[in-house]
Structure formats: C-alpha cells, structure tokens
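Work through these exercises with the structure open beside you. Try each task before you read its solution.

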Amino acid sequence: MRVLVTGGAGYIGSVSVELLVEAGHEVTVLDDLSTGHRGAVSARAKLEVGTYGDTAAVTTLLEKNRIEAILHCAAKSIVGESMTDPGKYFRENVGGGVALLEAMRATKVRRIVFSSTAATYGMPERTPIVEADPVRPINAYGETKRIVESAIGWYCRAYGLRSVILRYFNVAGATVEHGEMHVPETHLIPALLEAVAEGRQATIFGDDYPTPDGTCIRDYIHVEDLALAHLKALEATAHNDKRTGPSSGPTEALICNLGNGKGFSNRQVVRAVEAATGRSLGVKIGPRRPGDPPILVASADKANEVLGWKPRLGSLDEMIGSAWAWKQSHPSGYR
Ligand SMILES: NC(=O)c1ccc[n+]([C@@H]2O[C@H](COP(=O)([O-])OP(=O)(O)OC[C@H]3O[C@@H](n4cnc5c(N)ncnc54)[C@H](O)[C@@H]3O)[C@@H](O)[C@H]2O)c1
C-alpha cells in the first residue's frame, strides 16, 4: 500500500511509519516539523516538509506519490495551550483537517485513518468508556478532534470515504529506535522520566480526586500496540472491506477506542517509574489542572472484535521500561 502519514516525524507517527515500512508498505511522511523531528523519520520513508493544511500542495503530493491511503496523525495536541490559544487549534486541526479532506476529494483518495482522542468524551458518565457514550469535550483540543470526526462522517456519507477513527487514551513507551520527545513535555510518563534524568522534582496535579489514592486514573497504551492498530485500521479501509462500508455509495466511519481497559493512578505510575529507573522521585502535589476528569479508562472491546486488535504490551513496566531505555540511548533526543 502507498500510504501518506501526516505527522510522521512526531512521536506516534514515527513509530507507525517504522511499523508500516517493516510490513512492506511504501510510506511518504508529510510533516511541518513544528513539534516533530527530522531525525525521527525512518530512512526507509520519504519525508515531505510542509503542512497538510494546504489543499493545492497536498493534492499535488497525493498525485505525485500515487497515495492510496492516509494515516492522519498530525495535529496540535496540548490541552492547556488549546484553552489559551483555541484559534491555533481550530485553524490547524479543523481548518487543516478539512483542507486535507478536500485534497482527498480532489484526488479520489478514499481511505483515511484518523488519530482522535479520549478527550472527545469530556467528563465521562461511566467507566470503562464505550464508543457509543456521549461525546462532550471540555477543552478546545478535544472539541477540534470531535469536529474533524464529524467532518469525516459527512464526507463518508457524501463521497464514500472509507475511514477508521481511533480514539486513543494515553500513549506511552518506545521502540528501540523511536521514543517520545515533546518540548514542553506535558505527558506524565516522559515528564517523570525527564525529572529522574535531570535529578529534579516532578509535579502531580491534584491528589484530592474521588479515586482510591486521590490522584487521577488513566488508561495507558503502548505506542507499538497503537502502531499495530493503525496497520489493522488501514487494512480495514480497503475497497472491498465491509467493515468500512459498501464498495460504492455512502459509508459510515468506523470508530474504535484504543486503550488497555485498565487504569493506573498517577501515584502508581510514579512508583513504577521509580522501580524501572531504580531512583526515587521527589514528587510535589500541584493544583488540579482545569478539565482533568478523575478517571479515563477505555473499553477496547470493539477494536478487538472489529479490527482483531488487542494490546500486547499492556503493563506499566513494559511501557515505562521501554521509554526509559530509549531515553538513555538518546540522551539528547533526536538532536
Ligand atoms: N500522545 C498521546 O498520548 C495522544 C493521545 C491521544 C491522541 N493523540 C493524537 O495522536 C496524534 C499524534 O500525537 P503525538 O503525541 O505523536 O504528537 P506529536 O506532536 O509528537 O506529533 C504530531 C506531528 O504532527 C506534525 N504537525 C503538526 N501540525 C502539522 C501541520 N499543520 N502539518 C504537518 N505536520 C504537522 C508535528 O510536527 C509532529 O511531527 C495527534 O493527532 C494527537 O492529537 C495523542
């Protein structure tokens, strides 16, 4: 398959590219390197530096590379920033997302897998969360993802796109070659590992939540498991695959959660980081962050039933151990 991966120089995109090329697919990466790294792109993929938000340029790129399917990973994805600068998120994620869909329409590229998020659920009413639960984002980031999901749905109905929307929970871990390097780092596991590496204190936001130890509970998924789910989702968008609709006429997006089905509290994560690194972490308790639900845990039963996907590296030890190993072998990240 000839696949375009937007955001293939980012954390999740780079691991997905690694797996796609290993599986024998021809991969083109489109990335503006705004939060990604040139050095993260597999040498076996072709890198085009640019934005997915320019319909004319993406149309040319899709034609030139005879792209058959798109894995749309690129986005702006810092929750706090989305609350102080929502314009950037609507412009980039929503405006850019529609521009990409228009390039697909112009070139009749019909297959897309979209990186969505648990943030679309907002404050869930029950746990574990299933895909049919209400989608009511409580931050601008989640809202922009919800809108792109909705746009894909309408393009499916009108133009017969074949699509899979994947709502990831918290992604963690690394492969030998690719790991997480965000500046600033807002995700708990890499932030704790950064604190360990630099010998400084880490902060946990809130310890007065209605959970057994008072800290937030999150569902973590290994980035390699996620990449495998991308591969399976891309396969499900094939022309004659009934999971993404009839081979002609209107279709409907297939929506799946990707998580572990297990929750770990922030304090449990801190203990696991201490065990993996053999160092103790001084942890400071900061104020709650606005818009942080106490518990976010996925039901991934649908991904299992429909895509035949199951997390294989679901323990905190595997996720933290691989992330720590990558950090030690890449002390300056991709620089
Ligand atoms: N990391 C997580 O835990 C998590 C959880 C849920 C959903 N997601 C989603 O997964 C996707 C990937 O996340 P990540 O953690 O790898 O983020 P990342 O920031 O590491 O990667 C995003 C990549 O997209 C690129 N990019 C951004 N805007 C672009 C544009 N306009 N044109 C071209 N390239 C652009 C960046 O340079 C970067 O390489 C995002 O869509 C994010 O919303 C991530």
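The exercises below go from the whole chain to its ligand, then to single residues. The model is predicted.

**Exercise 1. Describe the overall build of the protein chain.**

Step 1. Start with secondary structure. The protein chain has 10 helices and 14 strands.

Step 2. Look at the spread of the chain. Its radius of gyration is 19 Å, close to the 20 Å that the globule rule gives for 335 residues, so the chain is as compact as a globular protein of that length. Along the principal axes, the C-alpha atoms fill a box of roughly 55 × 45 × 40 Å.

Step 3. Turn to burial and surface. Of the 335 residues, 55% count as buried. The chain exposes about 14,200 Å², and carbon and sulfur atoms supply 51% of that area.

Step 4. Check the contacts. Take those between residues at least 6 apart in sequence: 77% of them join residues at least 24 apart.

**Exercise 2. Find what surrounds the ligand, and which residues come nearest.**

Step 1. List the nearest residues. There are 30 residues around the ligand, and Asp 31, Thr 35, Tyr 141, Lys 145 and His 182 come nearest.

Step 2. Sort the shell by type. It divides into 12 nonpolar, 13 polar and five charged residues.

Step 3. Look for backbone partners. A polar backbone atom of Ile 12 is 2.8 Å from an oxygen atom of the ligand. For Gly 36, a polar backbone atom is 3.0 Å from a ligand oxygen. For Cys 73, a backbone N or O atom lies 2.8 Å from an oxygen of the ligand.

Step 4. Judge the cover. On its own the ligand has 830 Å² of accessible area, and the protein covers 96% of it.

Step 5. Name the elements. Those that give two or more residues to the shell are α1 (11-22), β5 (111-117) and α5 (140-159). The largest share, three residues, comes from β5.

**Exercise 3. Decide whether Trp 324 is buried or exposed, and find what it touches.**

Step 1. Locate the residue. Trp 324 sits in helix α10 (residues 316-329).

Step 2. Apply the cut-off. Buried means under 20% relative accessible area. Trp 324 has 8% relative accessibility, so it counts as buried.

Step 3. Find its partners. Leaving out residues up to four places away in sequence, Trp 324 touches Leu 193, Val 196, Ala 197, Ala 276, Thr 277 and Arg 279. Val 196 is 128 residues away along the chain, yet the two C-alpha atoms are separated by 9.9 Å.

Step 4. Follow Val 196 into its helix. In α6 (residues 188-198), the buried residues include Leu 193 and Val 196. Among the elements that cover the buried residues of α6 are α8 (266-277) and α10. Just after α6, Gly 199 takes a positive phi of about 65°.

**Exercise 4. Find where the chain has cis peptide bonds and positive phi values outside glycine.**

Step 1. Check the prolines. The bond from Thr 127 to Pro 128 is cis, with omega near -5°. Pro 128 lies in the loop between β5 and α5. The bond from Val 183 to Pro 184 is also cis, with omega near -5°. Pro 184 belongs to the loop between β7 and α6.

Step 2. Check phi. Leu 33 has a positive phi of about 60°. Arg 66 has phi near 45°.

Step 3. Compare their settings. Leu 33 is in the loop between β2 (26-31) and β3 (46-49), and at 23% relative accessibility it counts as partly exposed. Arg 66 is in the loop between α2 (55-64) and β4 (69-72), and at 55% it counts as exposed.

Technical notes. Residues numbered from 1 in each chain as written. Predicted model: local features only at pLDDT ≥ 70, side-chain atom pairs only at ≥ 80, totals over all residues. Heavy atoms only, no water. Near = heavy atom within 4 Å. Polar contact = N/O pair within 3.5 Å; in protein donor to acceptor, adjacent residues only side chain to side chain. Areas by Shrake-Rupley, 256 points an atom, 1.4 Å probe, with all protein chains shown as cover. Helix = DSSP H or I, 4+ residues; strand = E, 2+ residues; numbered from the N terminus. Nonpolar A, V, L, I, M, F, W, Y, C, P; charged D, E, K, R; others polar. Rg over C-alpha atoms; globule rule 2.2 N^0.38 Å. Buried < 20%, exposed > 50% of the residue type's maximum accessible area, 1.4 Å probe, protein only. Contact = heavy atoms within 4.5 Å.
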